[in-house]
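Me: Please take a close look at a single residue in the structure shown below. I should like to know where it sits, what surrounds it, and how its part of the chain fits into the whole.

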Amino acid sequence: MTELFVRHARKDGRSVAVLRAVDHGEACIVEAEVFPPNGSALRPGPYTFANGHEATAFVTEAVEALMYLGCDIAAA
């Protein structure tokens, strides 16, 4: 198991989401943690992909949407 990357989205200094891609050899898993403004953290997914390329494409689209919504993105 190898962690490929982590992306942390923040808006106005508050955590909005963390996306983590992990290579398990036979598949790549994207784990998500979402922080609603008024509630407990949610963990949708996990999302399973055949390879790192597919997982990266998924996270890239999610990050682009978060940026469009005004979030700052950091690699962790």
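Reply: The residue chosen here is His8, which lies in strand S1, residues 2-11 (strands are DSSP runs of E of at least two residues, helices runs of H or I of at least four, both numbered from the N terminus). The model is predicted, so local features need pLDDT of at least 70 and side-chain atom pairs count only at pLDDT 80 or more, while totals for chains, interfaces and linings use all residues. Residues are numbered from 1 along each chain as its sequence is written, and side-chain values use heavy atoms, with hydrogens and water left out.

His8 counts as buried because its relative accessible area is 15% (buried means under 20%, exposed over 50%, partly exposed in between, with a 1.4 Å probe and protein chains only). Its side chain takes part in a polar contact with the side chain of Ser15 at 2.8 Å, and another, of 3.3 Å, links the side chains of His8 and Arg10 (a polar contact is a pair of N or O atoms within 3.5 Å; within protein, one must be able to donate a hydrogen and the other to accept it, and residues adjacent in sequence count only if both atoms are side-chain atoms). Leaving aside residues up to four places away in sequence, His8 touches Ser15, Ala17, Val18, Asp72, Ile73 and Ala74 (contact means heavy atoms within 4.5 Å).

The strand that holds His8 belongs to a wider arrangement. The order S4-S3-S2-S1-S5 describes an open sheet of 5 strands with antiparallel pairing (two strands pair if DSSP finds at least two bridges between them). Strand S4 (47-49) and strand S5 (72-75) are the edges; each has a single partner strand, so one side of each has no neighbour in the sheet. From one strand to the next, the twist averages 20° (axes are lines fitted to C-alpha atoms, for helices over the stretch in contact, and angles run from 0 to 180 degrees between N-to-C directions). S1 and S5 run antiparallel and are joined by 4 bridges; Arg7 stands opposite Ala75 in S5. Helix H1 (residues 52-68) packs on the sheet and touches S1, strand S2 (14-23), S3, S4 and S5, with its direction at about 5° to that of S1.

Another residue, Glu33, offers a parallel view from strand S3, residues 28-34. Glu33 is buried because its relative accessible area is 19%. The side chains of Glu33 and Arg43 make a polar contact of 3.3 Å. Among the residues that Glu33 touches are Ala17 and Val18, both of which are also touched by His8.
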